[in-house]
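Visitor: I would like a close look at one part of this model, with the charged side chains as the starting point. Please keep it brisk.

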Amino acid sequence: MAGQRPRPGALNLRTDRALAVFVVGVIGVLIPGLQPQLLGSLAAEGHLSVAALGLLATVELLAMGLAAGGAGFILPATRLVAIAAIALLTTGAIDLVTPFLGSGALFGARIVAGLAEGVLIWIAIGLIVRTSHPERWSGIYLAVQTLAQFALASAIGYSAAGSRGAFTALGVVTLAGLLALPWLPRSYAPLATDGEPGGLPHARGLVALGGVVAYLAFIVAVWVYIEPLALEHGVPAATIHLIAPLSLAMQVLGAGAAALLAERVPARLAIAAVGLLNLGLLATMAAPPSPAAFLVATAAFGFLWLFILPFQISIAIAADPSRRAALLIGGAQLTGSSLGPFLAGLLIGDKDVARVLWFGAFCAAAGMMALIGAGTARRLSRKV
């Protein structure tokens, strides 16, 4: 609009700088899509027990979430090139040595790698929340990272090189991210838009972040147990093998749809509609009329998974216009992703996998209400 002042901290985004940031950010988030292959190969080769596999995955994701959310309180947004270089070198080096470590050292190494990966994600989120169209850029980022995970997972799967080959491939890709550093922005402008210095988000922003944690806990908890659920309902093995690749393809479509629609659909309406659709999908998974129906439900689940994430950024910005809550959203998503399977595992017995659906329904409802409430409270306070 003519005469409108630009929002403080907004970026005049150049394609080369955005591409460099996305390269760094995508490298930081590669591991969640590759954990089944990478950690599975470590377990198969005797580097860690099957019981320790889930714990190792959880602690690395949690470290990523803590770093992605907490880096802004510790690291300056004025030395991004040096910070990215250290994080890439740290992550790449740990990836290369991981297959040679014992079970005890593995945990320490992957926690450090998770912290460095979280810093890379913080750099990407820092760019996204400073743009004039954060929802659109979030959708693009999600689509690109999913495609990158799919490509690297496919390459590792076809090579069948074991843990050494798999982690070497990941390490080489990570270190190749150093080539993007000359185009990386050297600094970001301050975020605050309301005259307040940096610090914790507003109370409504914290409520929105709590909703994000709960919602991602629902998503990943259900996803982790999707194959045991299929087996419990007698879904044939041939159909089960289609669940992961089909869901991944639908995730890419969901992220692309969000990039196109996030600015046209009201965020609270999208959160409510997708939440209700997900509850319907959980009901279908609990009593599928056929194996095909179960497969369709998981495909729709994958589409909605990435479709709704950019709308969460919209809610966080509406709840806290300083965008400090939006800057922490990556950490909140990763924290929920790590806590969901852990808490669900405490509720599930050896033969009662269906309990994860009740857990998921509770977390989905709680997350939906918190997100809608955070956005609504802000709107009402403005009217008053």
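Which residue forms a salt bridge with Asp95, and how far apart are the closest N and O atoms?

Guide: A caution comes before the answer: this is a predicted model. The partner of Asp95 is Arg110. Their closest N and O atoms are 2.9 Å apart. Asp95 sits in helix 4 (residues 80-97), and Arg110 sits in helix 5 (residues 103-128), so the pair ties together parts that are 15 residues apart in sequence. Asp95 and Arg110 are both buried. The term has a cut-off: buried means under 20% relative accessible area.

Arg110 has a further partner to consider. Arg110 also forms a salt bridge with Glu117. Here the closest N and O atoms are 3.6 Å apart. The cut-off for a salt bridge is 4 Å. Glu117 is buried, as is Arg110.

Now step back to the whole count. The structure holds four salt bridges. One of them joins the side chains of Arg136 and Glu263, at 3.1 Å from N to O. This pair links distant parts of the chain, 127 residues apart. Arg136 belongs to helix 6 (residues 134-159). Glu263 lies in the loop between helix 10 (237-261) and helix 11 (267-286). Arg136 counts as partly exposed because its relative accessibility is 33%. Glu263 has a relative accessible area of 37%, so Glu263 is partly exposed too. Back to Arg110: salt bridges that share partners join Glu60, Asp95, Arg110 and Glu117 into one network.

Charged pairs are one side of the picture. For a nonpolar contact, turn to helix 12 (residues 291-307) and helix 13 (residues 309-319). Their axes come within 5 Å and cross at roughly 30 degrees. Helix 12 brings Trp305, Leu306 and Phe307 to the contact. Helix 13 brings Leu309, Pro310 and Phe311. The tally for this contact is six nonpolar residues, no polar and no charged.

Nonpolar side chains also appear on the surface. Leu339, Phe342, Leu343, Leu346 and Leu347 form a nonpolar patch there. Together they have about 440 Å² of accessible area. Take Phe342 as one of these residues. Phe342 lies in helix 15 (residues 329-347). Its relative accessibility is 42%, so Phe342 counts as partly exposed.

To return to the request: Asp95 pairs with Arg110, and both residues are buried. Arg110 pairs with Glu117 as well. Glu60 completes the list of residues in that network.

How values were computed
Residues are numbered from 1 along each chain as its sequence is written. This is a predicted model: local features need pLDDT of at least 70, side-chain atom pairs count only at pLDDT 80 or more; totals for chains, interfaces and linings use all residues. Side-chain values use heavy atoms; hydrogens and water are left out. Patches are made of residues with over 30% relative accessible area and no salt bridge: like charges are joined within 9 Å, nonpolar side chains (Val, Leu, Ile, Met, Phe, Trp, Tyr) within 5 Å. Accessible areas come from the Shrake-Rupley method with a 1.4 Å probe; for residues, only the protein chains shown count as cover. Helices (H or I, at least four residues) and strands (E, at least two) are DSSP runs, numbered from the N terminus. Buried means under 20% relative accessible area, exposed over 50%, partly exposed in between (1.4 Å probe, protein chains only). Axes are lines fitted to C-alpha atoms, for helices over the stretch in contact, and angles run from 0 to 180 degrees between N-to-C directions. Contact means heavy atoms within 4.5 Å. Ala, Val, Leu, Ile, Met, Phe, Trp, Tyr, Cys and Pro count as nonpolar, Asp, Glu, Lys and Arg as charged, and the others, Gly among them, as polar.
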